[in-house]
Amino acid sequence: MKTHSERLRPTILCHALVLALAAGTPGALFAQQADGATPQATASTDQDEDTAEQSANGQTRTLDQVTVTGSRIKRAEVEGPAPVTVITADDIEKQGFKTVFDALNTLTQANGTVVNESTLASQSIFAPNANIINLRGLGPGRSLILINGRRVAEYPLPYGGQSNFVNLGAIPSSAVERIEVLSGGASAIYGSDAVAGVMNIVTKKNYEGLEAKLYGSTTTRGGGDTGNLQIVGGKSGDRWSLTYAMEYMNREAIFTRQRDFMDSMRDSPIASGRTPWANLYLYDFDAPGYVSEIADACDRFFGHSVVYTTASGSRCAQYDRLADSTIRSSDDNLSLYGSGVFDISENAQIFMDAMWWRSKARYSTGTQWWSPYNEETGYYYYDVGRGALMDALRVFQPEETGRDGLMTDNDEESWSITTGIRGSLFDNRFDYELSYSHAEYETDTRTPRLTASKVADYFLGPRLGNDPVYDYYPAYRLDYDRFTTPLTPSQFAAMSATIRPRGYSEASQFQATLSGDLFELPAGPVGMASVLEWGSQEYELVADPRTLPNADPAEEAYNWNDTGGRGARDRYALGLEFSVPIFSTLKAQLAARYDKYDDITEVDGAVTWNAGLEWRPVDSLLLRGSYATSFRAPDMHYVFAEPSGYYIQIFDEYRCRAENNNDVLAAACRDNSNTDYYYYTEGGRRGNRLLEEETSKSWTAGFVWDILDGLSVQADYYSIQLDQGVNDLSNGYVLKREADCRLGVDRSGNPVDTNSLLCQTALDFVQRRPSPTDPEGTAVTLLTVGPINTATEKTTGIDATVRYRWDTDRLGRFNVLLGWSHTLSYEFTQYAEDGVLYDRDNRSYNWNARSRANLSVNWNRGDWGANVYGSRMGSIPSYDLDRRIAPYLLWNANLSKKITDRMSVTLFVNNVFDKIHPRDDSYADYPYFYWTYSPIGREVGAQLAYRFQ
């Protein structure tokens with residue numbers, strides 16, 4: 001990986017070049033803000049009264065011209081042809097949020113589910129310490145996230161081991177002025193990735209004064225104590241302005257043992273889910289059954305294990321094996337931000353923004369385990385002492401590992417810097433901006449894991465040849481006393497090593513924009529904006545050599561596979577946009593863009609365009625519509641991922657159908673406790689350098705209506721279709737196709753061409769070898785998948801918002817905002833010939849809620865203020881698909897008091913009613929609720945704010 005000095009050298013040279021060019025550039029003083037939009041979504045404080053009026057009644061009001069996300073043409077109207085939602089810094093605070101992610105995660109458009117830090121036993125695989133948003137359920141990477149209209153470095157670790165995204169947790173809320181969200185395609189304006197929408201985070205500028213905020217909170221169920229310090233300041237002179245911010249946050253972890261509804265298998269709503277997890281067992285395949293004397297060792301394990309007896313024998317089991325998992329990691333975060341402008345003359349202004357963020361997080365997946373795995377034969381061995389083919393499992397207790405033996409440390413650092421010049425040309429008719437930005441992101445993860453050879457030597461000793469029957473399975477003599485005696489933390493540490501994957505990504509961009517009025521038409525001026533861009537993207541994911549398929553056997557990590565990858569690409573783009581007044585009440589917006597990619601993929605050039613109409617038949621009513629084409633270049637890790645492996649549980653469809661007359665719905669096939677058909681195996685994956693770009697088309701139609709003074713309603717219909725979507729072939733799909741090809745018929749009995757390319761691919765993807773229950777070798781031992789351009793996704797729905805402002809003489813001022821999004825349809829197709837694989841209501845594959853709604857009610861009177869915020873996630877089908885479980889409704893509330901002219905105090909209660917998750921009596925899998933619901937519970941906190949000047 002590059003050193004810091006090697007990375008900084010070209011960056012500093014580029015910054016110096018931009019500034020040198022700026023010194024002699026002519027133009028008029030640039031007085032408008034060039035990188036954001038007018039705040040327009042909500043108004044919840046006294047100082048936002050004017051903004052509220054613009055938001056609710058902005059169709060006829062004349063404003064200073066500004067740039068609104070979704071267009072580079074400055075405009076004097078708040079609303080445009082495509083809907084844009086704005087969340088201000090004040091909204092974030094008033095609604096009880098402390099981070100950018102918390103605010104965006106409650107967007108009604110963010111109905112797509114993602115793996116988060118509450119997802120047990122997955123944190124080290126699925127982007128630890130990262131905050132992810134999924135607009136419209138189309139995937140995290142299909143929403144473009146910008147800071148001040150510019151791209152940032154992506155999170156180096158791939159989501160789900162597959163694709164990259166932007167970590168919203170790395171953006172400090174203290175630096176944020178507002179967030180603008182455009183839901184829908186916008187590649188004609190911003191290029192690749194703007195498929196589901198654009199989230200533009202606008203940072204603070206031209207700040208005057210100095211303010212500090214000290215915040216502390218805790219959870220009423222235990223854990224999660226949080227402290228947060230924010231300092232924001234700024235100063236300006238005749239020709240300059242400087243804004244700065246600092247934020248420090250320290251947060252305590254929350255463990256599963258601190259939540260009584262998920263700390264034990266006894267919490268299951270159904271009897272079958274209360275079966276404790278096996279902790280210690282030996283299984284004799286020749287008897288067959290579990291070795292009963294194992295029960296005698298249960299009481300050695302600190303009283304945490306119980307004897308579980310079946311007709312097949314006994315084994316030690318535990319009800320609370322994951323009690324030491326974290327459901328929220330501990331964090332120690334520090335961020336710095338600075339922004340400055342300087343008028344180098346009366347006709348030009350140079351600017352610079354910089355942001356730095358450092359995070360230290362700790363989390364745990366709760367347990368480690370060992371079974372005598374062999375790459376050739378799987379989890380079985382021949383025990384020469386017992387003279388039998390055996391399977392064994394040993395789960396290590398926290399008392400054996402020590403707390404640190406379960407904890408992963410994740411350190412991250414990111415920074416970005418932007419420099420440029422802006423001004424005006426030709427008697428202020430045109431505004432221009434030249435800018436260069438560079439961003440980098442690094443991760444360093446340290447995870448304690450068992451070393452395969454050391455733990456095998458401790459329990460099994462040296463290999464003693466092969467079994468005498470098949471001459472296939474490795475032969476050992478298990479040390480029974482060691483196997484049934486607890487370890488000490490020092491013994492566990494001696495068999496472990498610290499696995500250390502590292503990641504790095506960077507993004508650079510030069511951008512030149514020119515905008516202004518070309519000429520006058522009878523209905524008004526024709527606006528134009530042009531953009532010229534060069535961008536460079538690079539990433540490197542360095543996996544620990546001990547986790548790769550070719551690892552040194554003496555150092556190989558047990559049951560832990562990682563992924564590596566590295567690659568780079570350059571991008572060039574040219575875009576044009578026009579705003580054309582057709583009549584005084586009708587305006588059209590047209591845009592087109594060409595992006596040229598220079599990398600090893602099949603992507604060459606991509607042309608996108610959009611068109612929009614705004615019609616104001618009366619001053620109080622806006623009718624609008626837009627159509628856009630978009631694209632997304634294949635994700636870097638989809639392209640450059642190096643061969644990697646992992647362990648997965650599969651449904652072996654071939655064995656099921658072969659043994660049950662091709663009936664995949666037979667009772668034996670549907671019994672997920674049947675280990676002949678449901679079992680763990682090794683999976684493999686690698687990138688695909690032949691991928692092409694994804695394409696999409698979207699359109700919206702809606703209205704904004706100012707019904708009364710202070711009352712405004714807007715509603716928009718949307719439709720987005722993504723074609724040639726890049727997705728890994730699903731494990732289930734590969735195994736289904738492989739079964740068809742091996743049997744020569746599909747599930748319905750229709751003949752299948754076994755010589756087809758699809759069959760050859762499916763058969764190559766699935767490797768099988770003998771197992772104790774199948775000596776002929778039909779058990780899957782390796783399942784390989786990879787990304788391909790095949791998928792089609794389509795979603796339609798409605799977004800609606802109601803805003804109401806009510807001023808009274810005695811009771812104060814009230815502001816109400818109600819937002820609602822409802823998914824009318826959603827369809828996913830893996831292959832066209834297969835038809836729709838799943839849709840909006842197919843709970844087996846689609847976990848997204850059909851609807852989301854938000855309600856914010858704000859009150860101000862004199863020195864007092866209060867806010868109530870509610871978030872509702874719609875119902876989803878139950879686990880057994882027989883009914884729908886209840887919606888998920890959370891309420892936040894706060895009360896503030898201005899103590900002096902400079903000091904204020906606010907009390908916060910988030911999740912006022914301590915809501916956890918809707919009950920699903922058919923959900924038998926731990927932790928008995930879908931992980932999109934928060935297990936945190938109620939949080940209470942207080943903030944002291946003081947303005948020094």
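**Note on selected strands, contacts and one helix**

1. Asp444 is found in strand β21, which covers residues 430-450. The structure under discussion is a predicted model. Asp444 has a relative accessibility of 15% and therefore counts as buried, the cut-off for that class being under 20%.

2. The side chain of Asp444 makes a polar contact of 2.6 Å with the side chain of Arg500. Once neighbours within four places in sequence are set aside, the residues in contact with Asp444 are Asp409, Asn410 and Asp411, together with Arg500, Pro501 and Arg502. Arg500 thus appears both as the polar partner and in the contact list.

3. Leu450 also has its place in strand β21. With a relative accessibility of 1%, Leu450 counts as buried. Not counting residues up to four places away in sequence, Leu450 touches Gln368, Trp369, Trp370 and Phe396, as well as Phe492, Met495 and Ser496, and finally Glu556, Ala557 and Tyr558. Leu450 and Ala493 lie 43 residues apart along the chain, and a distance of 8.3 Å separates their C-alpha atoms.

4. Helix α7 spans residues 452-460. Its buried residues include Ala452, Ser453 and Val455, and also Tyr458, Phe459 and Leu460. After α7 comes Gly461, with a positive phi near 75°.

5. Strand β15 (residues 330-345) pairs with two strands described here. With strand β8 (residues 240-251) the pairing is antiparallel and extends over 12 bridges; within it, Arg251 stands opposite Asp331 of β15. With strand β16 (residues 348-364), β15 is joined by 15 bridges, again in the antiparallel sense.

6. What do β15 and β16 form, and how many residues lie between them? The two strands form a hairpin, with 2 residues between them. Across this pair, Val341 stands opposite Phe351, a residue of β16. In a regular strand, side chains alternate between the two faces of the sheet.

7. A separate item for the reader is an open sheet of 5 strands, ordered β1-β4-β5-β2-β3 and with mixed pairing. Its edge strands are β1 (84-88) and β3 (150-151), each of which pairs on one side only.

8. Within that order, β4 stands next to β5. Strand β4 (residues 176-183) and strand β5 (residues 197-203) run antiparallel and share 7 bridges. One residue pair can be named: Val181 has Met199 of β5 as its bridge partner.

Technical notes:
Residues numbered from 1 in each chain as written. Predicted model: local features only at pLDDT ≥ 70, side-chain atom pairs only at ≥ 80, totals over all residues. Heavy atoms only, no water. Pairing = 2+ DSSP bridges. Helix = DSSP H or I, 4+ residues; strand = E, 2+ residues; numbered from the N terminus. Buried < 20%, exposed > 50% of the residue type's maximum accessible area, 1.4 Å probe, protein only. Polar contact = N/O pair within 3.5 Å; in protein donor to acceptor, adjacent residues only side chain to side chain. Contact = heavy atoms within 4.5 Å.
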